[in-house]
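Biologist: I have a protein with DNA to read. Could you take me through how the two meet?
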There are 2 protein chains.
Amino acid sequence: MPTIKDVARAANCSTATVSRALASPEKVSDATRHRVAQAVAKVGYSLNAAARNLRRSESRTIVVILPNIANPFFSDVISGLESVAHQAGYQVLLGDAGNNPDRVASYFNLVPSNQADGIILLSTEVPMALVRERQADAGFPLVMACEYFDNLSLPTIHIDNEQAAHKATEYLVALGHQRIATITGPARNPICKDRLRGYRHGLADAGLNIQDDWIVEGDFTFHSGYEQGRILLQQDKKRPTAIFCQNDEMAIGVLKAARDAGVVVPEQLSVIGFDDIGFSQYCEPELTTVHQPREAIGRTAMRLLLDILKQRNVPLDQSLKTQLIVRSSTARAPRD
Amino acid sequence: MPTIKDVARAANCSTATVSRALASPEKVSDATRHRVAQAVAKVGYSLNAAARNLRRSESRTIVVILPNIANPFFSDVISGLESVAHQAGYQVLLGDAGNNPDRVASYFNLVPSNQADGIILLSTEVPMALVRERQADAGFPLVMACEYFDNLSLPTIHIDNEQAAHKATEYLVALGHQRIATITGPARNPICKDRLRGYRHGLADAGLNIQDDWIVEGDFTFHSGYEQGRILLQQDKKRPTAIFCQNDEMAIGVLKAARDAGVVVPEQLSVIGFDDIGFSQYCEPELTTVHQPREAIGRTAMRLLLDILKQRNVPLDQSLKTQLIVRSSTARAPRD
DNA sequence: CTGAAAGCGCTTACAG
DNA sequence: CTGAAAGCGCTTACAG
């Protein structure tokens, strides 16, 4: 591999000048810049980033830790993150945590080892000790998006989960539903708690009583939605007439459980999801759901992190708007 | 950040010894190794990877270029890639090409700039000139998976697309279908050509004639499947009784088009997809499709690349098995 | 088993 | 605008 020395020789100048011509062209005369450009092409030079990173002690790389790359929810968030990063000359290293604490630890370690400048965390399913340790360290650039820790304050971009769930529940109530169940995500997850709180308040506002066995826990997969849906629909006389699911995949699982149980959606059962993933328009029936501005979440989170890296003063907590999208999986409550 | 010097001071030895204790512990006495470990903990040292990379001129990073991170097909492939990489002490940098040639160029550039040791390419939607240039350069570690270029020989892991499509078509023929349409992916894509060839042969084998306006092109999205499906189903007397789609998302789009057109699947229309993504079990009806061993493709591709990096002799072309999964979107052809 | 020393390829403060 | 020189933090061949 040709180095900056080879270029300097070919351009008949010092390595310092080559470096300047490449990194800050305005510091160099037109003629020199041109000679250097020619020399670069001639010798087939490309900058050794490891050397630059070492010298500058920065890597221009941001690590994004996500719980599971298979989750379609994240793809737009990632697009948003990447578009802002690339525009600013940063790369994005996508780290799939895959429920593996070691892996997460190794991603975190990329920052002290100078392979990454900062981290965006999209999951709370990571070893708390690790995060706590880093957060104590003020110099560790760490931003959360989509999720957050309820016992730890970190800069974060999110939606108002409670309000969104509240509105979804209200909508079901407005349709005349009185027996409304919910399938939550993992119960310890703060955003799931928020969505559950929104659900409870929605019922309470309407004077409906909350039936604890209609609050069931899933894990955000199709399969868990299917299983919990099946169970909820078994009680065939006083079964729920509506189910609010904390994400779309579980809602789509419920649609299947309903089909298998011979319960017609939306005539006999209304279903609401959360996220508005692409598939929610292609399932049968199309899913009423809470739309999240996923790209914007990604963009905003990356901007926040880059601002932190530049030591800019920035709001550390931003909430973005959601929207209830009404499609065909909800309807007026059936007569008893 | 503490450096190796600080550790050396705390352990009362040279930096050379610290380096050895960390990188090749067997070269160092037990006592020293222990002292170094203590010192590392005491000063809170972590190795500066940029310095190591510069010195060793390797990065232990593999770039995976994919066309679109939102495509659920890739998530298992990525899991496979990552599991092998991490086991071997490599990191994976996921690069979303996003139909942006500049971005792809910058990912390719990671190798000469010493930020990546090799590339796995999961898409042919990249500037040919770039690939051609690199491939000419024998020292450039580049492996393809899932897709391939038909005018360029690169090490590649794939399935037998033609055979898989042939079998799927045969299956429809065996169900008595005589009017079988197909929705392809982008026509210039070699794997799409292969699948199309398999379809043609399947029809030819059965003595069915091939109707050119039943070979329509989509782009692998739900939407294109929906649109093309809608058009195919419009011709209501002699419309096709079966549609073979080159991926599941388009097949799911067709299911929706059929619902909208009042065509009942599978009684009036059989639909087959390709890939066996998770959704294919949660759409209505569940999708008959060609299963690809996605994890295995990923694992095999990463092993191949790592072997190439170690200059091992390896088979440069491996084909993995597919399987037709019969679910509920296919049935015997309706009577005319 | 250990240390002194060179060097990986850059960047940048300093001097002119 | 340009160059000589120091130095970023490691690793490793060499010598002992």
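Biologist: What lies 2.4 Å from a polar side-chain atom of S19(A)?

Modeller: First, the general idea. A polar contact is a pair of N or O atoms within 3.5 Å; within protein, one must be able to donate a hydrogen and the other to accept it, and residues adjacent in sequence count only if both atoms are side-chain atoms. Here, the partner of S19(A) is a phosphate oxygen of DNA strand C. T17(B) also uses a polar side-chain atom, 2.5 Å from a phosphate oxygen of DNA strand C. S14(B) uses a backbone N or O atom, at 3.0 Å from a phosphate oxygen of that strand.

Biologist: Which elements give two or more residues to the surface near DNA strand C?

Modeller: Elements come from DSSP runs, numbered from the N terminus: helices are H or I with at least four residues, strands are E with at least two. A residue is near a strand of DNA if one of its heavy atoms lies within 4 Å of it. For DNA strand C, the elements are α2 and α4 of chain A, and α2 and α4 of chain B. The top giver is α4(A), with five residues.

Biologist: How should I trust and number all this?

Modeller: This is a predicted model: local features need pLDDT of at least 70, side-chain atom pairs count only at pLDDT 80 or more, and totals for chains, interfaces and linings use all residues. Residues are numbered from 1 along each chain as its sequence is written, chains are lettered from A and ligands numbered from 1 in the order in which they are written, and side-chain values use heavy atoms, with hydrogens and water left out.

Biologist: How many residues surround DNA strand D, and which are the closest?

Modeller: There are 26, and the closest are T17(A), R20(A), T32(A), S19(B) and R55(B). Sugar and phosphate make up 62% of the atoms of DNA strand D within 4 Å of the protein.

Biologist: Which part of DNA strand D does T32(A) approach, and which does R55(A)?

Modeller: T32(A) has a polar side-chain atom 2.4 Å from a phosphate oxygen. R55(A) has a side-chain N or O atom 2.9 Å from a base nitrogen. A backbone N or O atom of S29(A) lies 3.2 Å from a phosphate oxygen of DNA strand D.

Biologist: What gives the most to the surface near DNA strand D, and how do its residues divide by class?

Modeller: α4(B) gives the most, with five residues. By class, the surface near DNA strand D has ten nonpolar, eight polar and eight charged residues. Nonpolar means Ala, Val, Leu, Ile, Met, Phe, Trp, Tyr, Cys and Pro; charged means Asp, Glu, Lys and Arg; the others, Gly among them, are polar.
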